[in-house]
Amino acid sequence: MRYWLMKSEPSDVSIDDLANLPDQTVAWYGVRNYQARNFMRDQMCKGDAVLFYHSNCAVPGIAGIARVSSTAYPDATQFDRKSKYFDPKATQEIPRWFNVDVQWVKKIELISLTELRRHPQLEGMRVLQRGNRLSITPVDPAEWKFILKHLVRD
C-alpha cells in the first residue's frame, strides 16, 4: 500500500462534499500536470491511503482521510468541449489525462499547513517544500504514521 496527499479546493470538492456524495466517492478529475497524472496512472492502486487536503482556501490543511477506490481510467472532462478541463489534443484512442476514484474514510479536525510545519518529522513532506504546487504527492510511510499517531484527534 502507498500513501498520498491529494489537494482539492473546498469550493470544488470538500471533505464534507465527499462524505455526502453517492457511495462517498468522487472521480479525481481535472488534473492537468503530467507528474500528478503519472502518479495516478502509474502508481496509485485500489486501497492506497489518502490525506485529503484542502487547498486555495483561508486555512489550507489536511481535512480528512480517504482511500483510492479504483485503478486509473481516462478523465472524461478532457473530451468535454464545455469543460474547463477540455484538451483538444486528447482522443478516446489516446487519452492524455487520467483519474482515479477517491472514497471518503473520515473527516478529521483540520491539520493546518502551519501545524504540519511545526514537526521536524514532517520536514521532508513534498507539500511543505518551497515551490511545490503539485496537487498529488506521495507521502512517506513514516510521515503517514506520524500524522495519524500525533496529529489526528479522534
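This section describes the nonpolar cores, helix packing, charged pairs and selected local features of a predicted model.

The largest nonpolar core comprises 21 residues, and the members that touch the most others are Met6, Trp28, Met44, Val102 and Ile136. Two or more residues are contributed to this core by each of the elements β1 (3-8), α1, α2, β3 (49-54) and β4 (61-68). The surroundings of Ile136 illustrate how this core is assembled: with residues up to four places away in sequence left out of the count, Ile136 touches Trp4, Leu5, Met6, Trp28, Val31, Ala36, Phe39, Met40 and Met44. A further core of 20 residues lies apart from the largest one, and its members include Tyr3, Ile65, Ile147 and Val152. In soluble globular proteins, nonpolar side chains tend to be buried together.

Several of the contacts of Ile136 recur in the description of helix α2. Buried positions in α2 are Ala36, Arg37, Phe39 and Met40. These residues lie on the same side of α2, because the arc that they cover around the axis is only 155°. An α-helix has 3.6 residues a turn, so residues three or four places apart point the same way. The packing partners of the buried residues of α2 are β1, β6 and β8 (136-139). At the start of this helix, the backbone nitrogen of Gln35 is approached to within 2.9 Å by a side-chain oxygen of Asn33. Arg41, in contrast to the buried positions listed above, counts as partly exposed at 35% relative accessibility.

A search of the whole structure returned five salt bridges. Side chains of opposite charge can pair when their charged atoms come close. One of the five joins Asp16 to Lys107, with the closest N and O atoms 3.0 Å apart. This pair connects distant parts of the chain, since Asp16 belongs to helix α1 (residues 15-20) and Lys107 to strand β7 (residues 101-112), at a separation of 91 residues. Both partners are partly exposed: the relative accessible area is 36% for Asp16 and 48% for Lys107. Another salt bridge is formed by Asp42 and Arg41, for which the closest N and O atoms are 2.7 Å apart.

A further salt bridge pairs Asp75 with Arg32, at 3.1 Å between the closest N and O atoms. Here too, distant parts of the chain are linked: Asp75 is located in the loop between β5 (73-74) and β6 (98-99), Arg32 in the loop between β2 (25-27) and α2 (34-43), and the two are 43 residues apart. The accessibility of the partners falls into separate classes, as Asp75 is buried at a relative accessible area of 1%, whereas Arg32 is partly exposed at 28%. The interaction also appears as a polar contact between the two side chains, again at 3.1 Å. Beyond Arg32, and with residues up to four places away in sequence excluded, Asp75 touches Tyr29, Gly30, Val31, Trp97, Phe98 and Asn99.

Leu116 provides an example of a buried nonpolar residue in helix α3 (residues 113-117). Its relative accessibility is 0%. When neighbours within four places in sequence are set aside, Leu116 is in contact with Ile62, Ile111, Leu122, Leu128, Ile147 and Leu151. One of these contacts, Ile147, is listed among the members of the 20-residue core. Leu116 also illustrates a long-range proximity along the chain, as its C-alpha atom lies 8.3 Å from that of Gly61 despite a sequence separation of 55 residues.

No disulfides were found in a search of the whole structure. Two cysteines were examined for accessibility, and both count as partly exposed: Cys45 at 41% relative accessibility and Cys57 at 27%.

Backbone geometry was considered at two loop positions. Most residues other than glycine have a negative phi, and most peptide bonds are trans. Gln24, which is not a glycine, nevertheless has a positive phi near 50°. Gln24 is placed in the loop between α1 and β2 and is partly exposed, with a relative accessible area of 27%. Asn56, likewise not a glycine, has a positive phi of about 50°. Asn56 occurs in the loop between β3 and β4, where its relative accessible area of 63% classes it as exposed.

How values were computed: Residues are numbered from 1 along each chain as its sequence is written. This is a predicted model: local features need pLDDT of at least 70, side-chain atom pairs count only at pLDDT 80 or more; totals for chains, interfaces and linings use all residues. Side-chain values use heavy atoms; hydrogens and water are left out. A salt bridge is a side-chain nitrogen of Lys or Arg within 4 Å of a carboxyl oxygen of Asp or Glu. Helices (H or I, at least four residues) and strands (E, at least two) are DSSP runs, numbered from the N terminus. Buried means under 20% relative accessible area, exposed over 50%, partly exposed in between (1.4 Å probe, protein chains only). A nonpolar core is a set of buried Ala, Val, Leu, Ile, Met, Phe, Trp, Tyr and Cys residues joined through side-chain atoms within 4.5 Å. Contact means heavy atoms within 4.5 Å. The arc is that of the directions from the helix axis to the C-beta atoms. A polar contact is a pair of N or O atoms within 3.5 Å; within protein, one must be able to donate a hydrogen and the other to accept it, and residues adjacent in sequence count only if both atoms are side-chain atoms. A disulfide is a pair of cysteine sulfur atoms within 2.5 Å.
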